[in-house]
Amino acid sequence: MKVRNSEEINEENTFHPQKVVFICGAPHSGSTLLGLILGSHSRCFYAGEANKVIFLSSDMENPDRYCKVCGPSCDVWGGLIYKGDLNIYPLLSKKTGKSIVIDSTKKLEWIKTQLNKLANTPSETYLIYLLRDGRAVINSRLRKYKATHPEEIIEDWIRHMKKTNSFYQGFNGPKIQLHYEELATEPDKAIRFVCQFLGIIYEDEMLRYYDHEHHPLGGNTGTQSLIIKAQEENIKKQYIQLSERNKYYYSDHPLSIKLDLRWVKELSSNVIELFERKAGEINLPMKWNEK
Ligand SMILES: [Zn+2]
């Protein structure tokens, strides 16, 4: 990717990406994986969770606050100071030379604000709702927020899913739903389907997302660590730090895409029962049965 330097970029929003694609869903649903695969298409740039742009330059010690691959001196995000009325998508499109920009921010308020900014511009907006079995999501969140009670995590997930369901229903533009489990077990088929939806030609190299250049803000560190694993020789300084429990999993992880079913072994029967009672119904369309 040839990134244009700031002198070449006119800060005025006169240039617009052809398409801006939002990936919504619950956090820990595989959106980093989907974003990185799509961002490996020759026409696409994956911004990560673009709402993290508000933190840029604020805390140089926190790796979650700048490009996860290249750190503070990133060619794409480095030096960018976000102001509330800035439409970042034209800027990203112009900097990277990509006509499609992908944003996987899960916070619906952010997506709604961006949709308003994009409403009277030539950019078309697309929505992908990434779904994942709630039990897997709860397990990932329990791993991350060890001190939080499972009930609280389950209730939080239910609230987020209800809000996202109604947001998805109300979205007027082109939209699709995709299951993480389908993406992880048949990535070729799932990505062909998404490419068709976005009106772009499927490229075989997309699935080797870890071999491509990426500049994501936020997102899943485990998935991103595979970029570092694949490109160790080119990446001088590592900004991605895995937690202890994730280290075991990802040190043995092949580079290829693999379904993460850690919840089957890790989630206690008490939590599974609690989940079934509280969230069984809303989880029905997402329930993934192992074959
Ligand atoms: Zn970067």
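Modeller: Four donors count as tetrahedral if all angles lie between 85 and 135 degrees, and donors are N, O and S atoms within 2.8 Å of the metal (3.2 Å for Na, K and Ca). This is a predicted model, where local features need pLDDT of at least 70, side-chain atom pairs need 80 or more, and totals for chains, interfaces and linings use all residues. Numbering starts from 1 along each chain, and side-chain values use heavy atoms, with hydrogens and water left out.

Colleague: Okay, let's start with the metal. Which geometry does the site of the zinc ion have?

Modeller: The zinc ion is held by C67 (SG), C70 (SG), C74 (SG) and H215 (ND1), at 2.0 to 2.4 Å. The angles among those four donor atoms run from 96 to 123°. That range fits inside the limits for four donors, so the site is tetrahedral.

Colleague: How are the donor residues of the zinc ion spaced in sequence?

Modeller: Three cysteines come along the chain before the histidine, giving C-x2-C-x3-C-x140-H. C67 sits in the loop between β2 (44-46) and α2 (88-96), while H215 sits in the loop between α7 (187-198) and α8 (221-230). The pair links distant parts of the chain, 148 residues apart. So for the spacing itself, read off C-x2-C-x3-C-x140-H.

Colleague: Are C67 and H215 buried or exposed?

Modeller: We go by relative accessible area: under 20% is buried, over 50% is exposed, and in between is partly exposed (1.4 Å probe, protein chains only). By that rule, C67 and H215 are both buried.

Colleague: Zooming out, how many helices and strands are in the chain?

Modeller: Helices (H or I, at least four residues) and strands (E, at least two) are DSSP runs, numbered from the N terminus. Of the 291 residues in the chain, 55% are buried. The count is 11 helices and five strands.

Colleague: What share of the contacts with a separation of 6 or more comes from residues 24 or more positions apart?

Modeller: A contact means heavy atoms within 4.5 Å. Taking the contacts in the chain with a separation of 6 or more, residues 24 or more positions apart account for 76%.

Colleague: Now helix α2. Why is α2 largely enclosed by the rest of the structure?

Modeller: Its buried residues, including Y89, L91 and L92, pack against β1 (19-24), β2, β3 (100-103) and α3. K95 in α2 is among the buried ones, with a relative accessible area of 12%. α2 is largely enclosed because its buried residues number nine of the nine.

Colleague: Which residues does I88 touch, not counting those up to four places away in sequence?

Modeller: I88 is in helix α2 and is buried, with a relative accessible area of 0%. V53 is 35 residues apart from I88 along the chain, yet their C-alpha atoms are separated by 8.9 Å. Outside those sequence neighbours, I88 touches A50, V53, Y82 and W110.

Colleague: And is S42 buried, exposed or partly exposed?

Modeller: S42 is in the loop between α1 and β2, and is in contact with K98 and E203, leaving aside neighbours within four places in sequence. S42 and E203 are 161 residues apart in sequence and 8.2 Å apart in space, C-alpha to C-alpha. With a relative accessible area of 44%, S42 is partly exposed.

Colleague: On to the helix pairs. How is α3 oriented relative to α5?

Modeller: Axes are lines fitted to C-alpha atoms, for helices over the stretch in contact, and angles run from 0 to 180 degrees between N-to-C directions. α3 (residues 108-119) and α5 (residues 150-170) pack at about 20°, with their axes 11 Å apart. Since angles under 35 degrees count as roughly parallel, over 145 as roughly antiparallel, 65 to 115 as roughly perpendicular and the rest as oblique, α3 and α5 are roughly parallel.

Colleague: What about α4 relative to α5?

Modeller: α4 (residues 134-144) and α5 pack at an angle of about 130°, with axes 10 Å apart. That makes the pair oblique. Where they meet, α4 brings G134, V137, I138, R141 and L142, and α5 brings P150, I153, I154, D156 and W157. So, for the orientation you asked about: oblique.

Colleague: Last pair: how are α5 and α11 oriented to each other?

Modeller: α5 and α11 (residues 269-283) pack at an angle of about 10°, with their axes 10 Å apart. Therefore they are roughly parallel. Among the residues making the contact are W157 and M161 of α5 and L274 and F275 of α11. So the orientation is roughly parallel.

Methods. Four donors count as tetrahedral if all angles lie between 85 and 135 degrees; four count as square planar and six as octahedral if opposite donors are over 155 degrees apart and all others between 65 and 115; anything else is irregular.
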